[in-house]
Amino acid sequence: FAASLVFGAFVGILCDRYGRKKCALAYCGFYGVSCLTKHVNNYFMLLFGRVTGGIATSLLFSCFECWMVSEHQTRHKFSSGLLA
């Protein structure tokens with residue numbers, strides 16, 4: 001959770017800079033790496049897997065929601081006041 005705490009502060013900036021789709025794909029990559037490291041018997045590799053899992057969690061809980069709100073506003077032209 002510490003990696004999610006540190007990285008969570010920068011996820012919104014990264015999503016705005018590089019795009020939500022690329023960040024969603026980055027989530028898939030980080031989560032895949034995190035899952036693959038669970039099968040290794042090396043402590044530092046397991047620690048690396050926990051860090052990538054934290055980064056993936058930060059992307060999961062911010063990138064997809066930002067993408068949904070953005071698509072909602074551009075496709076349906078609803079007021080942003082409805083989302084507050």
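Here are some notes on this predicted model, going from the overall fold to its first two helices.

1. **Overall make-up.** The protein is built from four helices and has zero strands. Reading from the N terminus, you will meet the elements in the order α-α-α-α.

2. **Shape.** If you turn the model around, you can follow a C-alpha trace that spans about 50 × 20 × 20 Å along its principal axes. The radius of gyration fits with that picture: the protein has 15 Å, whereas a compact globule of 84 residues would have a value near 12 Å.

3. **Burial and surface.** Of the 84 residues, 24% count as buried. The exposed area of the protein is about 6200 Å², and carbon and sulfur atoms supply 68% of it.

4. **Contacts along the chain.** Take the contacts in the protein with a separation of 6 or more: 61% of them come from residues 24 or more positions apart.

5. **Helix 1, its course.** Helix 1 (2-18) has 17 residues and reaches 24 Å from its first C-alpha to its last, close to the 24 Å expected at 1.5 Å a residue. Have a look at Gly8 as you trace this helix, since helix 1 bends there by about 45°. After helix 1 comes Gly19, which has a positive phi, near 100°.

6. **Helix 1, its buried residues.** Which residues of helix 1 are buried? They are Ala3, Ser4, Phe7, Val11 and Cys15. Their cover includes helix 2, helix 3 and helix 4.

7. **Helix 2, its buried side.** Helix 2 runs over residues 20-36, so 17 residues in total, and its first and last C-alpha atoms are 24 Å apart, close to the 24 Å expected at 1.5 Å a residue. Its buried residues are Cys23, Ala24, Tyr27 and Ser34. Because these four cover an arc of only 105° around the axis, they lie on the same side of helix 2.

8. **Helix 2, its partners and its other face.** The buried residues of helix 2 pack against helix 1 (2-18), helix 3 (43-60) and helix 4 (63-76). What does the face turned away from that buried side carry? You will find the exposed residues Lys21, Lys22, Leu25 and Leu36 there, two lysines and two leucines.

9. **Putting the two helices together.** Helix 2 is part of the cover over the buried residues of helix 1, and helix 1 in turn is among the elements that the buried residues of helix 2 pack against. Helix 3 and helix 4 appear in both settings, as cover for helix 1 and as packing partners of helix 2.

Notes:
Residues numbered from 1 in each chain as written. Predicted model: local features only at pLDDT ≥ 70, side-chain atom pairs only at ≥ 80, totals over all residues. Heavy atoms only, no water. Rg over C-alpha atoms; globule rule 2.2 N^0.38 Å. Buried < 20%, exposed > 50% of the residue type's maximum accessible area, 1.4 Å probe, protein only. Contact = heavy atoms within 4.5 Å. Areas by Shrake-Rupley, 256 points an atom, 1.4 Å probe, with all protein chains shown as cover. Expected span 1.5 Å × (residues − 1). Arc of directions from axis to C-beta. Bend = angle between axes of the 7 residues up to and from the residue.
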